[in-house]
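Subject: Structure handover

Hello,

Here is the structure I said I would pass on. My notes on the strands, the helix packing and the backbone follow below it.

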Amino acid sequence: MDAIKNFLGIETAPPFNPTDFIRDNLMENKILIIGKQTCPHTRQINNIFINGLQETPKLIDLDKMEHPEHSNLLFRDLVEKTDRKATVPKIFVCGEFIGGGIETQKFIKEGRLQKLLAACDMKNLSRPDRT
């Protein structure tokens, strides 16, 4: 099939492994939000981190990934390996999946998120086997 697409001049996406993509981003970012800027919950959580907690998360906007098929693979992989909910945002702190918007707000109200952030040592973060 790729040979036909190449012959017709149709660009194909490069190989993409969603697990490796997430693992690499988790290793490089204390806070990782995967969502959509068009989603009010994604925007709200992003703003809470920036304005309320003075932390700058890495936001991966599924709608703005270079290859739409990568976005679809990534989202399906995340749903399968996290909470099995086909919703955004998906929030990771210090390599751990903490949930979506509601769960994150609960973590903040209980003070658990602040403790997790304070204890996070990105230099000693081991490579997670799971996303």
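Strand 3 and strand 4 are paired antiparallel, with three bridges between them. In this pairing, Ile91 has Gly99 of strand 4 as its bridge partner. The two strands make a hairpin with two residues between them, and in the turn Cys94 has a positive phi of about 55 degrees. Please bear in mind throughout that this is a predicted model.

The hairpin belongs to a wider sheet. Four strands make up an open sheet with mixed pairing, in the order 2-1-3-4. Strand 2 and strand 4 (96-99) are the edge strands, each pairing on one side only. From one strand to the next the twist averages 25 degrees.

The other two pairings both involve strand 1. Strand 1 (residues 31-35) runs parallel to strand 2 (residues 58-61), and four bridges join them. Here Ile34 is bridged to Ile60 in strand 2. On the other pairing, strand 1 and strand 3 (residues 90-93) run antiparallel, again with four bridges. Ile31 is opposite Val93 of strand 3. As general background, strands of a sheet pair through backbone hydrogen bonds, in either the parallel or the antiparallel sense.

The parallel pair is connected through a helix: strand 1, helix 3 (residues 40-52) and strand 2 together form a right-handed β-α-β unit.

Now the helices. Two packed helices are described by the angle between their axes and the distance between those axes. There are three contacts to report.

Helix 3 with helix 5. The axes of helix 3 and helix 5 (residues 101-109) come within 10 Å and cross at roughly 25 degrees. Angles under 35 degrees count as roughly parallel, so helix 3 is roughly parallel to helix 5. The crossing of helix 3 past helix 5 is left-handed. Helix 3 contributes Gln44, Ile45, Ile48 and Phe49 to the contact, and helix 5 contributes Gly101, Thr104, Gln105 and Ile108. By class, the residues of this contact are four nonpolar and four polar, with no charged residues.

Helix 2 with helix 4. The axes of helix 2 (residues 18-28) and helix 4 (residues 68-81) come within 9 Å, and the crossing angle is roughly 75 degrees. Helix 2 is therefore roughly perpendicular to helix 4. On the helix 2 side the contact is made by Pro18, Thr19, Phe21 and Ile22; on the helix 4 side, by Leu73, Leu74, Asp77, Leu78 and Lys81. These residues divide into six nonpolar, one polar and two charged.

Helix 5 with helix 6. Helix 5 also packs against helix 6 (residues 112-119), at an angle of about 85 degrees and with the axes 4 Å apart. That angle makes helix 5 roughly perpendicular to helix 6. Thr104, Phe107 and Ile108 of helix 5 meet Arg112, Leu113 and Gln114 of helix 6. The class count for this contact is three nonpolar, two polar and one charged. Thr104 and Ile108 of helix 5 appear in the contact with helix 3 and again in the contact with helix 6.

Last, the backbone. Most residues other than glycine have a negative phi, and most peptide bonds are trans. Where does the model depart from the trans form? The peptide bond between Val88 and Pro89 is cis, with omega about 5 degrees. Pro89 lies in the loop between helix 4 and strand 3. Gln54 has a positive phi, near 55 degrees, and is not a glycine. Gln54 lies in the loop between helix 3 and strand 2, the two later elements of the β-α-β unit.

Regards

Note on methods:
Residues numbered from 1 in each chain as written. Predicted model: local features only at pLDDT ≥ 70, side-chain atom pairs only at ≥ 80, totals over all residues. Heavy atoms only, no water. Pairing = 2+ DSSP bridges. Right-handed = clockwise from strand over helix to strand, strands pointing away. Axes fitted to C-alpha atoms, helices over the stretch in contact; angles between N-to-C directions. Parallel < 35°, antiparallel > 145°, perpendicular 65-115°, else oblique. Left-handed = near helix turned anticlockwise from the far one by under 90°. Contact = heavy atoms within 4.5 Å. Nonpolar A, V, L, I, M, F, W, Y, C, P; charged D, E, K, R; others polar.
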